[in-house]
Amino acid sequence: MLFHDHGYVSTDPRIKPAAGTGIDRQAELPDEMDVLIIGSGPAGMLTAAQLSAFPNITTRIIERRPGRLAIGQADGIQARSVETFQAFGFADEIINEAFHLTEMAFWKPDPQHPEHIVRSAREKDDPSGVSEFPHLIVNQARVLDYFATFARRQPGRIEPDFGIEFQGLEIEDGAEHPVKVTVKHVAGEREGEERVVRAKYVLGADGAHSRVRESIGAKRQGKVAFHAWGVMDVTANTDFPDIRLKCAITSNDGGSILHIPREGGYLFRMYVDLGEVPEDDNHAVRRTPVEEIIKRANQIIHPYTLDVRNVAWHSVYEVGHRVTDRFDDISEDRAHLDPHVFIAGDACHTHSAKAGQGMNVSMQDGFNLAWKLAYVLDGRSPASLLRTYTGERQVIAQNLIDFDMEWSAMMAKRPEEFATPTELEDFYTSTFEFPAGFMTQYEPSMITGEATHQHLATGFPVGKRFKSAEVVRICDSTPQHLGHLHEADGRWRVYVFPGAQAPGQPGTLADWAEWWSNDPESPLNVHTPAGDDIPSLFDVKVVYQQDYAEVELAHAPDAFKPAGGPFQLVNLNSVFATGFGTGNFYDERGISDEGCVIVVRPDQYVANIVPLTATDELATFFRAFLLDRR
């Protein structure tokens with residue numbers, strides 16, 4: 001974290017000075033705004049948090065609840081989400097608070113006494129070491145708290161407007177604020193009052209029963225499995241030996257439990273199989289009392305017993321797998337227009353909770369959309385950029401539905417229905433990367449290039465998230481995870497790898513740096529507005545292949561030591577090398593001795609890889625979605 005560039009800071013440096021709309025922020029929801037977010041769940045709060053870094057954009061978020069969420073239904077935090085938390089500055093805090101999942105135990109009927117369950121296997125949670133971050137369990141309410149804190153600390157000073165409910169919307173094409181939204185105050189001094197506000201863009205992050213989705217005529221596609229599960233967060237005394245491990249439990253009569261320990265050392269969650277539901281049940285199963293869920297859990301874990309002492313929360317749901325036909329307002333008759341209304345999270349994809357994906361995928365929806373909205377509203381990109389949201393996220397949602405259908409069906413099987421004795425364990429370990437959030441790969445588009453030069457960096461597949469590794473920062477000789485320096489500030493990352501060429505010598509690195517800094521057609525000079533700091537749009541770093549002891553700051557061209565802020569202080573923190581026990585970044589990530597340039601999007605996905613000599617190709621890539629700001 002860098003600070004003091006605007007002068008000495010003696011208070012918490014995470015609290016940025018208010019700017020733009022964050023100065024004297026209007027207490028009441030205004031009549032007009034740039035972005036209106038409906039719903040303060042994971043997708044909505046991440047979107048608000050990212051937009052809070054853009055104080056020239058008027059962003060408001062409304063929530064029908066009168067205050068913060070006290071207890072949420074979601075609790076599984078996959079490693080990809082923790083990477084995202086790192087960008088928002090609270091990964092360390094939430095890691096310290098959360099429960100860490102390190103392995104999963106599998107329980108099955110005892111072959112000698114089938115009426116009893118026995119442990120059959122224990123599998124590592126991350127068998128391939130796909131991430132340096134852990135798999136966490138922490139209540140959704142705490143995740144929302146952390147995003148809310150980030151949003152309050154940023155220049156935009158965004159806070160939810162509680163007690164306001166969305167009623168409906170209309171789109172008036174051509175108007176400056178084309179989305180006319182009717183809202184109703186459902187709490188507070190103005191309770192019962194209905195009013196109309198207008199926005200340039202609206203995000204519906206309002207859950208599975210989304211009114212925003214209905215307002216734009218988007219349709220859910222999929223089916224209900226007519227299989228019910230009871231879920232409960234409880235504290236209990238038990239002789240079940242793996243009560244503090246994640247467990248998949250399959251009993252002899254076919255009943256199953258997915259057991260998940262919770263943070264704090266005592267609380268745990270159980271998804272308890274309630275069996276098939278008749279198609280004419282009309283949701284009667286949802287009235288199953290918690291006492292029945294506890295009774296069923298005791299039957300499944302026999303010969304062990306569960307003495308529940310407190311129920312923090314419980315619910316009953318029927319497994320449904322649905323994805324919406326589009327994630328924005330562009331229906332067939334509006335295909336010639338750019339979108340102004342979007343949906344995210346459960347509003348556009350619903351599935352079972354057992355894969356631990358709901359909150360995680362919802363947050364990535366918000367991360368994908370937020371910076372795009374900011375770029376269009378801030379004049380950095382054309383409105384057509386917003387078309388990539390549905391194009392990218394709808395595919396991911398369908399992949400999630402397909403995976404969850406398979407995992408849910410596997411969890412509901414009777415013991416005799418498995419093809420092999422280890423089928424469930426094998427599926428868990430072989431598919432780990434998907435639920436962990438690392439199988440997402442965006443297809444080529446205006447913001448993601450073709451994998452033409454993939455051979456230059458085989459460990460960074462184009463379209464997948466930038467997988468961090470350690471390097472040494474030259475200015476202070478400290479090991480740093482390169483990806484952990486990627487803050488949620490809306491900037492593009494340009495990582496330059498010189499390859500085998502010696503530091504400080506003439507060659508392709510020096511030529512590239514000269515072009516980047518001084519050529520009038522370079523992305524830096526075409527797309528950075530006059531008067532803005534050099535690193536306001538692009539965060540450019542160099543990573544030398546040599547050991548850090550062989551590299552001096554003087555070897556690095558000025559392109560990697562930009563000046564900024566009111567005092568035009570030179571930033572010395574963007575020059576890196578290998579060594580110091582960190583391993584060799586080039587070897588770990590398949591970087592060629594020829595070197596290359598890796599471009600990473602604001603949401604941490606690899607957008608392009610080009611040779612150092614392909615300056616025209618790099619410039620053309622950025623011109624496809626960034627406006628000329630000269």
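These are my notes on a pair of helices, a buried helix and one histidine in a predicted model.

**Helices 8 and 9**

I looked up how helix 8 (residues 388–411) lies against helix 9 (residues 423–430). The two pack at an angle of about 155°, and their axes are 10 Å apart. Angles over 145 degrees count as roughly antiparallel, and helix 8 and helix 9 are therefore roughly antiparallel to each other. I noted the crossing as left-handed.

I then listed the residues in contact. Helix 8 brings Phe 403, Glu 406, Trp 407, Met 410 and Met 411, and helix 9 brings Glu 423, Leu 424, Phe 427 and Tyr 428. By class I have 7 nonpolar, 2 charged and no polar residues in this contact.

**Helix 4**

I checked the span of helix 4 (residues 140–153). From first C-alpha to last, its 14 residues reach 20 Å, close to the 20 Å expected at 1.5 Å a residue.

Next I looked at burial. Of the 14 residues in helix 4, 10 are buried, so the helix is largely enclosed by the rest of the structure. Among the buried ones I noted Gln 140, Asp 145, Tyr 146, Phe 147 and Phe 150. The buried residues pack against helix 1 (42–51), helix 2 (79–87), helix 3 (91–97), helix 7 (358–377) and strand 3 (76–77).

**His 185**

I found His 185 in strand 10 (residues 179–185). Its relative accessible area is 6%; the cut-off for buried is under 20%, so I entered His 185 as buried. Leaving aside neighbours within four places in sequence, I listed its contacts as Glu 28, Gly 163, Ile 164, Arg 190, Glu 191, Gly 192, Glu 193 and Arg 195.

Key: Residues are numbered from 1 along each chain as its sequence is written. This is a predicted model: local features need pLDDT of at least 70, side-chain atom pairs count only at pLDDT 80 or more; totals for chains, interfaces and linings use all residues. Side-chain values use heavy atoms; hydrogens and water are left out. Axes are lines fitted to C-alpha atoms, for helices over the stretch in contact, and angles run from 0 to 180 degrees between N-to-C directions. Helices (H or I, at least four residues) and strands (E, at least two) are DSSP runs, numbered from the N terminus. Angles under 35 degrees count as roughly parallel, over 145 as roughly antiparallel, 65 to 115 as roughly perpendicular and the rest as oblique. A crossing is left-handed if the near helix is turned anticlockwise from the far one by less than a right angle, and right-handed if clockwise. Contact means heavy atoms within 4.5 Å. Ala, Val, Leu, Ile, Met, Phe, Trp, Tyr, Cys and Pro count as nonpolar, Asp, Glu, Lys and Arg as charged, and the others, Gly among them, as polar. The expected span of a helix is 1.5 Å times one less than its number of residues. Buried means under 20% relative accessible area, exposed over 50%, partly exposed in between (1.4 Å probe, protein chains only).
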